[in-house]
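Dear colleague,

I am handing over the structure below, and my notes on it follow. Please read them with the structure open.

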Amino acid sequence: MEKFSSGNEIRKSFIDFFKSKDHTVVTSSSLVPGGDATLLFTNAGMVQFKDVFLGTDVRPYTRAVNSQKCMRVAGKHNDLDDVGRDDWHHTFFEMLGNWSFGDYYKKEAITWAWELLTEVWGLDKTKLWATCFKDEKNEIPTDDEAAQIWSHQPGFEEDHVLFFGRKENFWEMADTGPCGPCSEIHIDRGEQFCDKKSVPGHVCQVNGDCNRFLELWNNVFIQYNRLSETKLEPLPKTHVDTGMGFERIVSVLQNVDSNYKIDLLASLIGIVQQLTGMTDDEVVKNYTPYRVIADHARAATFLIADGVVPGNTSRNYVCRMIIRRAARFGGKIGLNEPFLAKVAEVVIKNYGEAYPELVRNRSAILSSLTREEERFQKTLEAGLMNLEEIFNELRDKKLTIVSGSVAFDLYATHGLPLEITRDIAREQGFDVDEAGFKDAMEQHRLDSGAGKTFGVMGNDNVDNYRTVFEELVKSKKLTKQGVEYDPYNNLVLETEILAVFKDGELQHEAQEGEQVEVLLPKTCFYVESGGQVADTGSIVSINNDFKIDISGSRRPAAGLIVHSGVVTNGTVKVGEKVSVVVDAQRRLDIMRNHTATHLLHAELHKVLGKHARQAGSLVAPDRLRFDFTHPEALTPDQLEEIERGVNEAILENHHLNIKQKSLTEAITEGAMALFGEKYGEIVRTITIGDEEIFSYELCGGTHVDETGHIGTFIITSEGSAAAGIRRIEAVTGRVAYEIIKKRSSLLKNISSVLEASTENIIEKIDHLYLNLDNLRKENAKLKLLIAKTTFISELENAQTIKGTPVVGKIIPEADTETLRLMTDLFREKFSSGVVVVATVHENRPMIVACVTDDLVSRGLHAGQLVKYLAGFVGGGGGGRPNMAQAGGKDPEKLDFAMTKIFEYIEENLN
Ligand SMILES: [Zn+2]
Ligand SMILES: [Zn+2]
């Protein structure tokens, strides 16, 4: 086979082929799955279409083609350990797919797959094999239909259809839900590709485990709905979901024996080789570090472009871990300075045309990588030394497992991710208790109040809602597009009640006091999305028979919107005419905050840079909250500049332009799309500013017509939301006015209490502080004087032991200086004697002892004395024979310690 064209051309030829078969080209969704909290990363092409298969989303097309960015770092799909050690595993990869949503089925899918592989890409027909489904339990029918279609393909070898069971050839989304048989296409690359020849009993075959037969493409035919472990029902509409690993097909078409030798990855290995200056032979000997670096640098580049910066938890942790792992493997081949940005430049060059987000985020990518490498270098050496000690200890104890808590500690204090500790441990013949690590990490997260990472997928009575939807469409009460949704124009409308639900079940009517969900043919209530909260309001029957207070709304199934609320009056009946009223005041507050959020986002870009991208947002009536990626706390100057910038944009009273556009057009024009958000083909764009464009975002939210309506914008707080993510909270409009009013009345109160005009408040406070300071000093002087006088009068009653005066006294609230002063007073009165004075200072006991010189020669030692006494208060200390000082931890025991002075002298004084 000749070397085929470049990887970029191959990707394009796949897309173009299906475009020519009337498929809509769909942009890859973000690596951060939109609206799916159950998934760490997008790990397959179907993630963005999941809701279409589940029936909770509809698209304007029924045929789609895409190349999806995927990431697999955890779970059953990937053992990170393999990445870099073999030629086929990746953390990040691309998945090519063509899709039919209730449109074409097996015949077209198979025929087109064959045409693309053999006619367009010119693969040898005699080398291709197909597998079809045959149930080993004989419960699900054999997919003879697919096998038949295969046998009719021109040039297909008759005996190249094989049947396999559930593990290989039956696909299920979850324990229940859409599922169906698959048909895989494998290629026989020839005997020379077998890497298991030396394994006794090895036979090269389809689904064998050598490199000779490779699985190229999986076609999934979704035709059943699984209700339970044993029960399947046919779906009313069948779907096609296909997936072809991009790197693998490119390796076949470029006739290389490793994914890392395809042009897109070989050039990454190439730049690393340039940096190390190794010869080709040396590269081959060190292939693992090269592969790890190529894979991880590519993955980190794509992650950062999707807003996932290095950090301590979940996705951010993964980004940190792969950068650090790549950096450590760099160290193995002599790269000890930050180098990943240089590799990332090549990634951006190779992939920038297919994935323009890489080009747009170039500077954030390069700086994040370098910063993270620098951070890692600072801690790496200490971490490695620590690890070496741990290994020595284990060797001494003849143990082989590094405990989870020790591994977590290495991460928490020395920044060594588990995966790196594990790498190093395995290199030295140890292993790590990974479950223990996860427990320790989870405990740490809970201790720090972060809560659990991922919840479980909610699954309510979608089927009930779907049935109602289908019946309403049949009876023409609803169109196929579903409920008419227009929250943008009016806040009041008249319509009728189509259905009432209670706890997900359809009702005939609902009584006063009941919590219900109401379905209408159209609505002006905003459904929560894009961070903007749902509207509240009421639904009232036209002839005043009943009233429902609406507290929110949601989309329980494709095409349906239900309003939830409590019946406050009367009996709700289906078919009744109602007027629907959104709480207008509240909505206007929300619109002010939403438009202000766009202004804030734009201003953050201006002041901090383009890397400050949205990572989360809440638009509520009383406040707005905006999370964005930025490595450090904002300075007061930056905050002031941002607040001023937003207020200026408000005063300039920019007009808002709202248009529907195709996603591609909007992105090309530079509209800001938010990561983690799901977009359709047609998007709503919000532009602020006419001549000079101030802000341009994709957004389905509701906005004011002109920025002047926002009123005043006030930032109320700035802080950390998560590692590498900052959070700003702010208020506008009525709430901002309330804050200003409250603050100015507070100021008035303060000025009246201080008896100063508002202009002179600071001066007055300074003056008061000065007075206070003087009084404090005077007070301290007086206290000392009292202590001195009391002490002197008590010296009169000094005890004597063996003819020597001994004084032991606790002075309340003293410091070291005062204590030493007291010993001076003692010596002024007695030329020979022992004095011990003590106090409790900041809740710690402190003892000072003084022994006159003549007594030192008679066996007393001030240092030993205080050490002895401090022993009773949980402390220690010492000093010279004639003067010493000690501290302790236990103030309650000080009284007791002081009684021990006399025993000590009795015993030691000769
Ligand atoms: Zn083989
Ligand atoms: Zn918005």
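His594 has a relative accessibility of 4%, so His594 counts as buried. In this predicted model, His598 is likewise counted as buried, because its relative accessibility is 2%; the cut-off for that label is under 20%. Both histidines belong to helix α18, which spans residues 584-608. They are four residues apart there, which means that about one helical turn separates them.

What do these two residues bind? Each gives its NE2 atom to the zinc ion (ligand 2). Cys699 is also a protein donor of this ion, through SG. The three donors lie 2.1 to 2.3 Å from the zinc ion. Their spacing in sequence reads H-x3-H-x100-C, so a short gap within helix α18 is followed by a long one.Next, the aromatic rings. The structure holds 29 aromatic pairs. One of them is formed by Phe18 and Trp217, an edge-to-face pair with 6.4 Å from centre to centre and 90° between the planes. For reference, planes over 60 degrees apart count as edge-to-face. Phe18 is in helix α1 (residues 7-19) and Trp217 in strand β8 (residues 213-226), so this pair links distant parts of the chain, 199 residues apart. Phe18 counts as buried because its relative accessibility is 0%. Trp217 is also at 0% relative accessibility and therefore counts as buried.

A second pair joins Phe49 and Trp99. The centres of these rings are 4.8 Å apart and their planes meet at 55°, so the pair is tilted. Where in the chain do Phe49 and Trp99 lie? Phe49 is in the loop between β1 (24-25) and α2 (50-54), while Trp99 is in strand β3 (residues 92-101). The pair therefore ties together parts that are 50 residues apart in sequence. Both Phe49 and Trp99 are buried. They also belong to a cluster linked by ring pairs, which includes Phe53, Tyr61 and Phe101 as well.

Two arginines have their charged ends over aromatic rings. The charged end of Arg328 sits over the ring of Phe329, at 5.5 Å from the ring centre. For Arg684, the ring underneath is that of Tyr488, and the charged end is 3.7 Å from its centre.

Regards

Key:
Residues are numbered from 1 along each chain as its sequence is written. Chains are lettered from A and ligands numbered from 1 in the order in which they are written. This is a predicted model: local features need pLDDT of at least 70, side-chain atom pairs count only at pLDDT 80 or more; totals for chains, interfaces and linings use all residues. Side-chain values use heavy atoms; hydrogens and water are left out. Rings of Phe, Tyr and Trp (its six-membered ring) pair if their centres lie within 6.5 Å; planes under 30 degrees apart count as stacked, over 60 as edge-to-face and the rest as tilted. Helices (H or I, at least four residues) and strands (E, at least two) are DSSP runs, numbered from the N terminus. Buried means under 20% relative accessible area, exposed over 50%, partly exposed in between (1.4 Å probe, protein chains only). A charge sits over a ring if NZ of Lys or CZ of Arg is within 6 Å of the ring centre and within 35 degrees of the ring normal. Donors are N, O and S atoms within 2.8 Å of the metal (3.2 Å for Na, K and Ca); water is not among the atoms, so sites may look incomplete.
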